[in-house]
Amino acid sequence: MIVRILGEGQLDVPDGELAALNALDDDLQSAVESSDESTFTSSLSALLSRVREVGRPLPDDEIVPSELVLPAGDATLAEVRELLSDDGLIPG
Amino acid sequence: MGMGQRLALIFKSKANKVLDRAEDPRETLDYSYQKQLELLTKVRRGVADVATSRKRLEIQMQQLQASADKLQSQAQQAVGAGRDDLGREALTRRAGVNQQLADLQTQHAQLQAEEEKLTGASQRLQTKVDAFRTRKETIKATYTAAEAQTKIGEAMSGISEEMGDVGMAMQRAEDKTQQMQARAGAIDELIASGALDDASQPLGGRDDIQAELDRAGASSDVELELAKLKGELPAGQQQQALGAAQTQATEPQAQTEEQK
């Protein structure tokens with residue numbers, strides 16, 4: 001599974017990690033929904049550490065879309081909200 | 001659905017919108033390649049801008065450090081001359097300068113981190129753009145409608161995700177740089193106004209602490225010279241000279257009083 005950490009690049013994560021990562025990703029989503037900044041920060045940092053730990057950086061010359069796109073470690077809840085909004089920060 | 005999945009979908013739908021607009025999907029390859037080259041140019045300019053801001057901060061940090069060092073030696077000089085008041089003033093200003101310096105160091109570290117990230121992003125994008133060009137030509141050469149559709153789709157979502165990421169990194173670095181430039185401008189003004197210290201002023205510019213210290217130094221030098229001259233006079237004249245010196249010293253004072 002390919003995961004992108006914004007500002008860092010893409011990593012190839014073993015498929016066996018999928019369930020664990022998805023659980024962390026769901027925690028992150030509910031933290032965003034309930035505007036829980038501290039849970040958001042801790043889930044994000046847990047998720048990113050796990051991805052960095054088990055993932056291998058993808059070679060730069062590979063061009064593939066990611067299945068998970070994660071915010072940078074220092075992203076705030078407000079920034080992520082804007083990313084998730086339809087015409088948010090992502091340049092077309 | 002988790003947040004990472006949602007974000008991935010948002011990136012994909014941006015790429016799909018571009019694909020949907022084109023009648024012939026092959027057109028999107030050339031169009032996207034042009035956009036990639038434009039973005040690459042922008043990112044390189046972005047890296048250069050961040051570096052310029054970082055260097056400007058470094059120059060300011062050197063100026064402030066020179067000010068802090070100068071104020072420190074002025075404080076020592078003042079204490080040596082028995083002028084605790086001047087010493088206290090110099091140390092107070094040095095504390096202010098050090099505070100500014102600490103702020104600048106934090107900003108410098110942030111800017112350096114942005115610069116590294118953007119440099120990395122620019123190198124990654126360069127490699128991807130090269131790979132895209134090769135893939136674009138391969139897809140065009142082996143074109144059959146059904147086959148091309150999937151290949152183009154993947155290449156386009158992949159590259160558009162990368163471009164989105166790089167675009168955001170650049171926006172972020174630009175915002176940081178702009179904030180820093182505003183603050184750097186304010187500090188330049190402070191330095192120019194002499195509020196922090198005059199160490200950075202052109203030659204001949206002097207600050208008030210130094211002026212006081214020079215006056216204190218000069219007058220004690222004059223006293224020493226005077227005492228030396230008196231010591232050299234023959235014994236009989238010494239008393240007279242002392243009297244004359246006293247009258248001379250009081251006369252100009254009396255004149256200024258009258259003028260008032």
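This is a short talk on a two-chain predicted model, covering one helix of chain A, the contact between chains A and B, and a few salt bridges.

Hi everyone, thanks for coming. Please keep in mind throughout that what you see is a predicted model.

Let me start with helix α2 of chain A, residues 37-54. Its 18 residues reach 26 Å from the first C-alpha to the last, close to the 26 Å expected at 1.5 Å a residue. Which residues of α2(A) are buried? They are A:F40, A:S43, A:L44, A:L47, A:L48 and A:V51. These residues sit on the same side of α2(A), because they cover an arc of only 130° around the axis. As a reminder, an α-helix has 3.6 residues a turn, so residues three or four places apart point the same way.

What covers that buried set? The cover includes β1 (2-5), β2 (9-12), α1 (18-33), β4 (68-70) and α3 (77-84), which belong to chain A as well. On the face turned away from the buried side, α2(A) carries the exposed residues A:S38 and A:E53.

A:E53 deserves another look. Its side chain meets that of A:R50 in a salt bridge, at 3.2 Å from N to O. The two are three residues apart in helix α2 of chain A, so about one helical turn separates them. A:E53 counts as exposed because its relative accessibility is 59%, while A:R50, at 27%, counts as partly exposed.

Now to chain B. Here we have six helices and zero strands. Of its 260 residues, 37% count as buried. If you take the contacts in chain B with a separation of 6 or more, 81% of them are between residues 24 or more positions apart.

Two salt bridges show how helices of chain B are linked. In one, B:K136 pairs with B:D30, and the closest N and O atoms are 2.9 Å apart. B:K136 lies in α3 (residues 84-141) of chain B and B:D30 in α2 (residues 25-80) of chain B, so this pair ties together parts that are 106 residues apart in sequence. Is B:K136 buried or exposed? With a relative accessible area of 6%, B:K136 is buried, whereas B:D30 is partly exposed at 31%.

In the other, B:D103 pairs with B:R183, with the closest N and O atoms 3.7 Å apart. B:D103 is in helix α3 of chain B and B:R183 in helix α4 (residues 145-193) of chain B, so parts 80 residues apart in sequence are tied together. Both partners are partly exposed: B:D103 has a relative accessible area of 29%, and B:R183 one of 41%.

That brings us to where the chains meet. On the chain A side 36 residues are in contact with 31 residues of chain B. Together the two chains bury about 3000 Å², and 59% of that is on carbon and sulfur atoms. Between them the count is 17 residue pairs in polar contact. β1, β2, α1, β4 and α3 of chain A each supply at least two residues of the side that touches chain B. The largest share, seven residues, comes from α1(A).

How many salt bridges are there between chain A and chain B? Four. One of them joins B:E161 and A:R4, at 2.5 Å from N to O. Over all chains, the structure holds 22 salt bridges.

That's my tour; happy to take questions.

Terms used:
Residues are numbered from 1 along each chain as its sequence is written. Chains are lettered from A and ligands numbered from 1 in the order in which they are written. This is a predicted model: local features need pLDDT of at least 70, side-chain atom pairs count only at pLDDT 80 or more; totals for chains, interfaces and linings use all residues. Side-chain values use heavy atoms; hydrogens and water are left out. Helices (H or I, at least four residues) and strands (E, at least two) are DSSP runs, numbered from the N terminus. The expected span of a helix is 1.5 Å times one less than its number of residues. Buried means under 20% relative accessible area, exposed over 50%, partly exposed in between (1.4 Å probe, protein chains only). The arc is that of the directions from the helix axis to the C-beta atoms. Contact means heavy atoms within 4.5 Å. Buried area is the accessible area (1.4 Å probe) that two parts lose on being put together, summed over both. A polar contact is a pair of N or O atoms within 3.5 Å; within protein, one must be able to donate a hydrogen and the other to accept it, and residues adjacent in sequence count only if both atoms are side-chain atoms.
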